[in-house]
Amino acid sequence: SLLLALSLLSPGGSAGWSCPPRCVCASNLLSCSQANLSMVPAPLPRFTAVLDLSHNNVTRLRADWAPARLPHLHALLLSHNGLAFVSTEAFTHVPRLRHLDLSSNRLRTLDENLFSDLGELEVLLLYNNEITTVDRTAFENLGRLRKLYLGQNRIARFPLELLREGTRLPQLALLDLSANRLRAVPTGELQALPAWLRDRLYLHNNPLACDCLLFQLLDRGHRRHLSAVVDFQDELRCVLPGTLAPIKILALAGQQPLNCSKAQEAVLEAHLGDSVTLGCDSRWQGVRSRHWVTPGGERVLGEGGNGSVVLLANGSLQLQALRPEDAGTYACWVAGPLLNETLYVELLVHNFTLHGPHDTLNTAYTTLVGCILSVVLVLIYLYLTPCRCCCCRGSEKPPAPRNDSINSSVLSTTPNHAGGTGEPCGSHMASSAGTGQNGRFKGGGTPPPPTRQGPKAQRKVSDPDSVSSVFSDTPIVV
């Protein structure tokens, strides 16, 4: 009578419908748990919303387990069945399924397009299986999937395609990869993920190889109080090369042989005139409001000043045409659904443009080349200067006569002859006299003795090449 009453109260109840054997039915809920079933009972009421088949012996889920369409079924529980095979067409007749539990079974592979018919699926439990291979298209068309549990399997490769660019699983907010066989993770790409997703990315109990990038990734998460790091910091371990015993990843700071250093939370470097965007990487997904505070204490709620500071729709702060005074620490105040959060971003502005170092190098190189060329030209001028006239390289001529003036020093570069008034080279050749280097005259023969004007007026001509004449400004009189 109770079952009859429930059937009459059910959405599609009729006098001809009866609850499947060994199952408990309550309105649109069917519980067949622990009923020692080897196959899905049939027929199933069309109005079934929740079907619990856990703790049975259903080892294969074929395409005909639901021969008719079940448009209202939104939860299917198949855990603890020893399930080893799931057909790629097994979910064709349950397109409204939002919760699927396949945990604690014997699944080894996730085949191509296995869940592609479940466009409204939100929670998928696959933990505690024997999964080693995940096809890249296994989770195609799961645009509403929010939670994916793949822990306690045998996965050796990180399925980065599930997270990259957010195109395959745009709503994914939790990914459990704990207790697998991961030895490495793409730390650079994981760090680029939004904090609200890293807050639910579980990597504990994996035989990860120790390195400083992994340490810095988790250290940032620990300082940001991300639950995936804080709640499981003791289980986040790694293996050093040449050792077997795993150690805590967060204990790698300053320890040999890696001696990892802690990284700052958010540091952005830029150059004068650049445009940069400061991200407000909050760990809250449903943010009500946010605003920025500049290093000068100015609060930015929208486009500020002359338009060089703009608050974007996604909460990021855009700075255009950077100046030296734009450097400093910026604070992003976030009002989350549960608690408020403050994020800090340090901006370093280099005091030159992006091409400044190259321009400096080019200028220094040009200066160096110019100096070398100048030295070479000076050396050429001093040692390789050609003769100033056509008679300079002729046969050696006797020295030219000198006057007795005290200004007629041999070291003088200007000839002190009375007749030396700048005649051309030809005139010197005609008179058997030429101008040598350093302005010294060398006659073609022995100079004629000077005209005698008395006994005391006669002087001997001094040898211009003698040591005495070189270091004397006055001729020696005999």
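**Exercise 1. Helix α4 and its surroundings**

Task: In this predicted model, determine which residues of α4 are buried and what covers them, and then check what the expected span of helix α4 is.

Solution: Start with burial, for which the cut-off is a relative accessible area under 20%. The buried residues of α4 are Leu214, Phe215, Gln216, Leu217, Leu218, Asp219, Arg220 and Gly221. Next, look for the cover over these residues, which includes the helices α2 (187-191), α3 (195-198) and α5 (227-230) as well as the strand β14 (208-209).

For the span, take the 12 residues of α4, which run from 212 to 223, and multiply 1.5 Å by one less than the number of residues. The expected value is 16 Å, and because the end C-alpha atoms of α4 are 16 Å apart, the two agree.

Finally, inspect the two ends of the helix. At the N-terminal end, aspartate 211 acts as a cap, with a side-chain oxygen 3.1 Å from the backbone nitrogen of leucine 213. Beyond the other end, α4 is followed by histidine 225, whose phi is positive, near 60°.

**Exercise 2. A salt bridge inside α4**

Task: Find which residue meets aspartate 219 in a salt bridge, and classify the two partners as buried, partly exposed or exposed.

Solution: The partner is arginine 223, and the N to O distance between the side chains is 3.5 Å, which lies within the 4 Å cut-off for a salt bridge. Both residues belong to helix α4 and are 4 residues apart, about one turn of the helix. An α-helix has 3.6 residues a turn, so residues three or four places apart point the same way.

The partners fall into separate classes: aspartate 219 is buried because its relative accessible area is 6%, whereas arginine 223 counts as partly exposed because its value is 38%.

**Exercise 3. Salt bridges elsewhere in the chain**

Task: State how many salt bridges a search of the whole structure finds, and describe which residues are linked with glutamate 161 in a network.

Solution: The search of the whole structure finds 9 salt bridges. Glutamate 161 pairs with arginine 157, the closest N and O atoms being 3.0 Å apart, and the network of salt bridges links these residues with Arg136. Glutamate 161 is buried, since its relative accessible area is 9%, while arginine 157 is partly exposed at 41%.

Another pair is arginine 323 and glutamate 325, whose side chains meet at 3.5 Å, N to O. Here arginine 323 is partly exposed with a relative accessible area of 41%, and glutamate 325 is exposed, since its value of 54% is over the 50% cut-off.

**Exercise 4. The environment of valine 58**

Task: Decide whether valine 58 is buried or exposed, and list what it touches beyond its sequence neighbours.

Solution: First locate valine 58, which is found in the loop between β3 (50-52) and β4 (60-61). Its relative accessibility is 2%, so valine 58 counts as buried. Leaving aside residues up to four places away in sequence, valine 58 touches Leu37, Ser38, Met39, Asn81, Gly82 and Leu83. For one of these, leucine 83, the separation is 25 residues in sequence and 6.1 Å in space, C-alpha to C-alpha.

For the chain as a whole, 61% of the contacts between residues at least 6 apart in sequence join residues at least 24 apart. Buried residues make up 37% of the 478 residues.

**Exercise 5. Backbone geometry in loops**

Task: Identify where a cis peptide bond occurs, and find what the phi values of arginine 22 and alanine 179 are.

Solution: Most residues other than glycine have a negative phi, and most peptide bonds are trans. The cis bond joins alanine 42 and proline 43, with omega about -5°, and proline 43 is found in the loop between β2 (29-31) and β3.

Arginine 22 has a positive phi of about 60° and lies in the loop between α1 (2-9) and β1 (24-26), where its relative accessibility of 57% makes it exposed. Alanine 179 has a positive phi of about 55° and lies in the loop between β12 (174-176) and α2; with a relative accessible area of 24%, alanine 179 is partly exposed.

Conventions
Residues are numbered from 1 along each chain as its sequence is written. This is a predicted model: local features need pLDDT of at least 70, side-chain atom pairs count only at pLDDT 80 or more; totals for chains, interfaces and linings use all residues. Side-chain values use heavy atoms; hydrogens and water are left out. Helices (H or I, at least four residues) and strands (E, at least two) are DSSP runs, numbered from the N terminus. Buried means under 20% relative accessible area, exposed over 50%, partly exposed in between (1.4 Å probe, protein chains only). Contact means heavy atoms within 4.5 Å. A polar contact is a pair of N or O atoms within 3.5 Å; within protein, one must be able to donate a hydrogen and the other to accept it, and residues adjacent in sequence count only if both atoms are side-chain atoms.
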